[in-house]
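Here is a short set of questions and answers on how strands are placed and paired in one protein chain. Please look at the sequence and the structure before reading on.

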Amino acid sequence: MKRQISALLAVSLLLWGLSGCSGSATAAAGVPVQTVAALLGYDLSGNNRYAGVVESREAQTVKKDEDKVIDQVNVQEGDEVKRGDVLFSYDTETLQLELETAQLELEQIENNISSYQTQVNELTKEKKKASSSDQLSYSIQIQEAQLNISEEQYNQKKKQAEIQDLQEDLSHVDVLAEVDGVVQSVSEDSSTAYMTIMETGVLQVKGTASEMTLWSLTEGETMTVRSRLDENQTWSGAISAINTDSAEDDGESDYYYDDDSSGESASKYSFTVTLDSSDGLMIGQHVYLEMGGADSDGMALSASYIVLEEDGSAWVWAADSSDRLEKRSVTLGTYDEEMDTYEILDGLALTDELAFPDENLEVGQSVVLYDDSAYSDSGEDFGDSSYAYVEEYDEEYFAEEEPETEEYEPYEDEAATVVIGGETA
């Protein structure tokens, strides 16, 4: 008889079948367990895990004045700086020389203006005494002198502004850090920022997803940040931005997942995770990003995995740190009658491993993480299970046992042909 069942129930029944016979090969190897993440539909082995790098949410971009000469650089990449620290200094000798030159030029302009003004005054006096035939000549000379004055006054204003800028530059020879942070880069390329200071204390994580997995991410979705060095060290956050405008082009395959089946490299896109807390994280640290929260709030676990006691307490068969079975107490929340699930408020994490309850289970039994490929291809008989789970159809087939073949006494009759066990007698 064939029945349609859910994937969760199928896995549960399969694990029950694999652990049902204490004398089977499975029992000898260990009780099959699965992670809570796998039971809830998460896949911590890669499909829901992305690579990420811790970075600052704020940065100071320092540009270099190409008209100035840098005299001294006080920091290098990786250095920690405090607000007000001197990053680098411009050459004061060059600036001072430029200032003195500009001041001399301004004095010359002012002398020119004074000379032209004296010339206008003298020509005006002479014009009054000149004959009518010379009046036009004096008028032209006066206009030329006045034009020269206007031109020099314009030059005077330009030179005064230049001197003011130079004086301002001399008072700001030292370029200061505006934030507490880490020097991320120092570049001699004039087309980019000379220095970039990443602010510390306000951190976020930049994740990378391929074009094939980007669709599964949504802004506001809860994410778990997991240390690459210690899988048990986690932080929580949520996706605050997804960049779909331009692909990352860094030549590295830094994300945890890939798709080698096509033989083609997929474009990568970045997304940003804002952290609830960044205690213990460092700028530049490489981490894993996983969909879902690391804590147990909101878990909806199938009731078939939960053992309820008469006093109202509840527990599950879970693997301890030594890969041995233990009865793990859990705190239950709301029960969903339609889905037959309980909300787990405390006691479990996504990385915990659970066994399907069975009367043959005992505290201290060794466990083995369930691998469907290991069982489906082995050809072993794993217990007293009378069904087979066909994944591609998502259906369950319950095979009825074949009736035993009855044995018959041979019937001797020369005229008759008797078939016994498929052979002709």
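Q: Which residue in S14 does Thr-208 stand opposite?
A: In this predicted model, strand S11 covers residues 203–210 and runs antiparallel to S14, to which seven bridges join it. Within S14, the residue that stands opposite Thr-208 is Ser-270.

Q: Which residue in S14 is the bridge partner of Gly-237?
A: Strand S13, residues 234–242, is joined to S14 by five bridges, and the two strands run antiparallel. The bridge partner of Gly-237 in S14 is Leu-275.

Q: Is strand S14 largely enclosed by the rest of the structure or largely open?
A: Strand S14 spans residues 268–275, and buried here means under 20% relative accessible area. Seven of the eight residues of S14 meet that description, so with respect to the rest of the structure the strand is largely enclosed.

Q: Which strands stand at the edges of the open sheet with the order S5-S7-S8?
A: Three strands form this open sheet, and their pairing is antiparallel. Each edge strand has a single partner strand, so one side of each is left without a neighbour in the sheet; these strands are S5 (70–73) and S8 (174–176).

Q: By how many degrees are neighbouring strands of this sheet turned against each other on average?
A: The sheet has the order S5-S7-S8. With direction ignored, the average turn between its neighbouring strands is 25 degrees.

Q: Which residue in S8 does Val-86 stand opposite?
A: Strand S7, residues 86–90, pairs with S8 in the antiparallel sense over three bridges. Opposite Val-86, the residue in S8 is Leu-176.

Key: Residues numbered from 1 in each chain as written. Predicted model: local features only at pLDDT ≥ 70, side-chain atom pairs only at ≥ 80, totals over all residues. Heavy atoms only, no water. Buried < 20%, exposed > 50% of the residue type's maximum accessible area, 1.4 Å probe, protein only. Helix = DSSP H or I, 4+ residues; strand = E, 2+ residues; numbered from the N terminus. Pairing = 2+ DSSP bridges. Axes fitted to C-alpha atoms, helices over the stretch in contact; angles between N-to-C directions.
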